[in-house]
Amino acid sequence: MPAGGPLQGVSTPNLNMNLYATKKTVAEGMLDIALFLANITHMKTVIEQGAGYRYYAAVLTLISFSLALQIVAGVLIIIIARRDLNEEANQKRLDSLNNKATLAIFLIFITNIFISVLGMERTGLFA
């Protein structure tokens with residue numbers, strides 16, 4: 001093996017950062033859609049259980065908040081995906097939008113933890 005490592009002297013194509021970022025953004029969007037559909041299903045279940053459900057108002061509020069955040073994150077993801085990262089004029093704005101989308105996704109994650117905890121029914125598995 002050459003002293004410089006296994007890739008010395010081998011030309012590697014340049015990484016297209018715009019293509020990479022677009023693929024990453026599309027993957028995030030697909031995960032957001034999956035979670036959105038899961039939350040709608042969970043909301044339907046809670047509504048069908050009715051107001052007699054112990055945490056009815058809290059869970060419905062949290063699911064609604066999560067769905068709203070998912071819409072915001074989805075719009076941000078679409079905006080990010082439509083811009084060209086290779087254009088230097090877009091980079092600062094895209095970085096800011098990416099940070100906002102990441103914050104929205106983090107808040108969605110935390111909200112859905114609370115939804116899951118409040119949505120657990122008592123079964124024989126838990127005390």
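Biologist: What pattern does the protein follow when read along the sequence?
Modeller: Happy to start there, with the reminder that this is a predicted model. The secondary structure comes to three helices and zero strands. Read from start to end, the pattern is therefore made of helices alone, given how helices and strands are assigned from DSSP runs. Written out, the pattern is α-α-α.

Biologist: How far does helix α2 reach from its first C-alpha to its last?
Modeller: Helix α2 covers residues 56-82, which gives it 27 residues. At 1.5 Å a residue, a span of 39 Å is expected, and the model comes close to that. The reach of α2 in the model is 39 Å.

Biologist: And which residues of α3 are buried?
Modeller: Helix α3 runs over residues 88-119 and has 32 residues, with a reach of 46 Å. To count as buried, a residue needs a relative accessible area under 20%. In α3 the residues that pass are N90, L94, L97, A101, A104, I108, T111, N112, I115 and L118.

Biologist: Is V117 buried or exposed?
Modeller: V117 is found in helix α3. It also belongs to a nonpolar surface patch with L103, F106, L107, F109 and I113, and together these have about 570 Å² of accessible area. The cut-off for exposed is over 50%. V117 has a relative accessible area of 52%, so V117 is exposed.

Biologist: Which residue forms a salt bridge with K44?
Modeller: A search of the whole structure finds one salt bridge. Its two residues both lie in helix α1 (residues 17-49), four residues apart, or about one turn of the helix. Both are exposed, and their closest N and O atoms are 4.0 Å apart. The partner of K44 is E48.

Biologist: Which helices each supply at least two residues of the lining of the second largest pocket?
Modeller: That pocket holds about 170 Å³ of space. Its lining is made up of E28, L31, D32, L35, I77, I105, I108, F109 and N112. One of these, I77, is among the buried residues of α2, while I108 and N112 are among the buried residues of α3. The helices that each supply at least two lining residues are α1 and α3.

Biologist: Last one from me: what percentage of the residues in the protein is buried?
Modeller: The protein has 127 residues in total. Among the buried ones are V59, L60 and I63 in α2, along with L94 and L97 in α3. Over the whole protein, the buried share is 25%.

Note on methods
Residues numbered from 1 in each chain as written. Predicted model: local features only at pLDDT ≥ 70, side-chain atom pairs only at ≥ 80, totals over all residues. Heavy atoms only, no water. Expected span 1.5 Å × (residues − 1). Buried < 20%, exposed > 50% of the residue type's maximum accessible area, 1.4 Å probe, protein only. Patch = residues over 30% accessible without salt bridge, like charges linked within 9 Å, V, L, I, M, F, W, Y side chains within 5 Å. Areas by Shrake-Rupley, 256 points an atom, 1.4 Å probe, with all protein chains shown as cover. Salt bridge = Lys/Arg side-chain N within 4 Å of Asp/Glu carboxyl O. 1 Å grid on protein atoms, 1.4 Å probe; cavity = no way out; pocket = protein on both sides within 12 Å on 5 of 7 lines; lining within 4 Å. Points joined across faces, edges and corners; volume = space filled by probe spheres on them.
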